[in-house]
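Welcome, and thank you for joining this tour. Please open your viewer and have the selection tool ready.

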Amino acid sequence: MRFTVDATDGNARACTLTTAHSTIQTPVFMPVGTSAVVKALDTVDMTEVLDTQIILANTYHLYLRPGDRTVAKMGKLHGFTGYDRSFLTDSGGFQAFSLSDIAKADDEGIMFRSHIDGSKHYFTPAKVLDIQYNLGSDIMMILDDLVALPATKKRLALSIDRTTRWAKESIAYHRFKQEHGTGVEQNIFAIIQGGTDPEFRKLSAEALCAVDFDGFAIGGLSVGEANQAMYDTVELTTPLMPENKPRYLMGVGTPEDLVENIERGVDMFDCVMPTRNARNGTLFTTFGKINIKAAKFKEDARPIDEACGCYTCRRYSRAYLTHLYRARELTYFRLASLHNLHYYLTLMRQAREAILQGDYAAFKRDFYSKRTK
């Protein structure tokens with residue numbers, strides 16, 4: 001992986017990240033393809049319509065179904081899906097906790113029960129990397145000890161201790177595997193934990209950033225805490241992260257969250273929000289959100305967003321999208337998802353251009369001024 005910082009504007013950064021499969025310009029939003037597919041869309045949509053350079057898939061889900069060995073036999077993620085650009089795979093630790101009613105971490109890993117058939121499984125730092133070697137992702141996230149918020153200081157301290165030990169185990173295992181020909185073109189990111197506690201965030205960041213990972217993520221946020229607490233935690237954490245490595249904020253978030261956290265030095269984002277909200281009738285526009293279910297759109301001939309040039313807005317009206325949604329037509333999910341993802345991806349491109357021009361503050365003011373009309 002090659003990584004360069006192309007420009008900065010305050011703490012905001014415009015960078016270029018090159019993997020074995022694509023060149024990614026940041027700030028970047030990664031559409032979430034949990035089960036090796038972005039819901040309602042296909043590879044042609046992701047490449048020719050949206051021109052994405054990286055998407056996220058999930059280790060937990062692909063391990064359970066169809067199985068990482070099956071994916072490996074079918075040409076790994078790139079061959080299996082036909083998507084020839086970059087993949088990032090999450091470690092699956094979050095899903096092991098959130099989808100299992102018996103998930104339990106110990107000092108060696110996480111025991112959990114499959115949400116599909118109830119079978120028991122055990123994730124260790126080496127196990128999740130072995131799964132990701134089979135998946136063939138360009139960026140692999142290591143196993144971390146997730147903490148539900150709010151948490152006691154004792155639990156946060158335990159989380160940081162485990163996360164740091166697992167990180168060291170992971171990097172040692174990954175370098176060993178690379179020396180023996182496995183994962184040579186795959187990169188490995190560590191995940192900084194610590195809740196919203198400044199002391200613990202600093203401890204976690206300092207411990208992990210002392211290790212030579214290919215990049216670093218901020219985890220454990222956007223889990224119910226107030227937005228300002230998230231922003232404050234990111235603002236504290238990014239200066240502790242290496243300037244010459246990618247910075248990834250996991251599972252975030254709204255358009256406002258992206259704009260705020262780019263300003264605080266984050267390069268990479270992912271979230272299910274644009275596609276999940278699309279399926280539920282909420283569409284993002286330059287001027288704020290609209291609910292396409294509303295009766296007022298039944299005879300509205302305008303596109304979703306008159307400032308948008310996406311596939312959907314160039315072809316279809318709000319009235320048609322309202323009809324499709326109310327009729328429960330499957331085509332709605334594709335058209336709405338294309339629009340919401342185009343909105344997010346365009347927002348990132350506009351943010352990058354503003355940073356390159358040294359005008360991010362004006363970009364941010366313009367973003368908010370349009371949304372308050």
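What follows is a walk through a predicted model, stop by stop.

**Stop 1: the sheet**

Begin by showing the strands as ribbons. In what order do the strands of the open sheet lie? Reading across, you should find β4-β14-β13-β12-β11-β10-β6-β5, 8 strands with parallel pairing. As general background, strands of a sheet pair through backbone hydrogen bonds, either parallel or antiparallel.

Now colour β4 (28-30) and β5 (54-58), which stand at the edges. Each of these two has a single partner strand, so one side of each is left without a neighbour in the sheet. Turn the view slowly and look for the twist, which averages 25° from one strand to the next.

**Stop 2: one edge, close up**

Select β4 together with strand β14 (residues 268-270). These two run in the parallel sense and are paired over 3 bridges. Show F29 and look across to β14: the residue opposite is F269.

**Stop 3: a buried tyrosine**

Next, select Y248, which belongs to strand β13. Is Y248 buried or exposed? Y248 has a relative accessible area of 1%, so it counts as buried, the cut-off being under 20%.

Which residues does Y248 touch, once its neighbours within four places in sequence are set aside? Its contacts include M268, F269 and D270, the residues of strand β14. M30 is another contact of Y248, and L56, L88, M141, F189, F216, A217 and I218 are also among them.

Add P27 to your selection as well. Y248 and P27 are 221 residues apart in sequence, yet their C-alpha atoms are 9.7 Å apart in space.

**Stop 4: two cis peptide bonds**

Move to the loop between α2 (59-64) and α3 (68-73), where you will find P66. The peptide bond joining R65 and P66 is cis, with omega at about 10°.

For the second example, go to the loop between β13 (247-249) and α10 (255-263), the place of G253. A cis peptide bond joins V252 and G253 here, and its omega is about 0°.

**Stop 5: two positive phi angles**

Select A36 in the loop between β4 and α1 (43-49). Although A36 is not a glycine, its phi is positive, at about 70°. With a relative accessible area of 15%, A36 is buried.

Then follow the chain to D51, in the loop between α1 and β5. D51 is also a residue other than glycine with a positive phi, near 55°. How accessible is D51? Its relative accessibility is 38%, so D51 counts as partly exposed.

**Stop 6: the cysteines**

Finally, look for disulfides. How many does a search of the whole structure find? The count is 0. Select C15, whose nearest cysteine sulfur is that of C209, 15 Å away. C15 is buried, with a relative accessible area of 0%.

Last, select C310 and C308. Why is there no bond between C310 and C308? The sulfur of C310 is 3.6 Å from that of C308, its closest cysteine sulfur, and this is too far for a bond, because a disulfide needs the two sulfur atoms within 2.5 Å. C310 is buried too, at 1% relative accessible area.

Notes
Residues numbered from 1 in each chain as written. Predicted model: local features only at pLDDT ≥ 70, side-chain atom pairs only at ≥ 80, totals over all residues. Heavy atoms only, no water. Pairing = 2+ DSSP bridges. Helix = DSSP H or I, 4+ residues; strand = E, 2+ residues; numbered from the N terminus. Axes fitted to C-alpha atoms, helices over the stretch in contact; angles between N-to-C directions. Buried < 20%, exposed > 50% of the residue type's maximum accessible area, 1.4 Å probe, protein only. Contact = heavy atoms within 4.5 Å.
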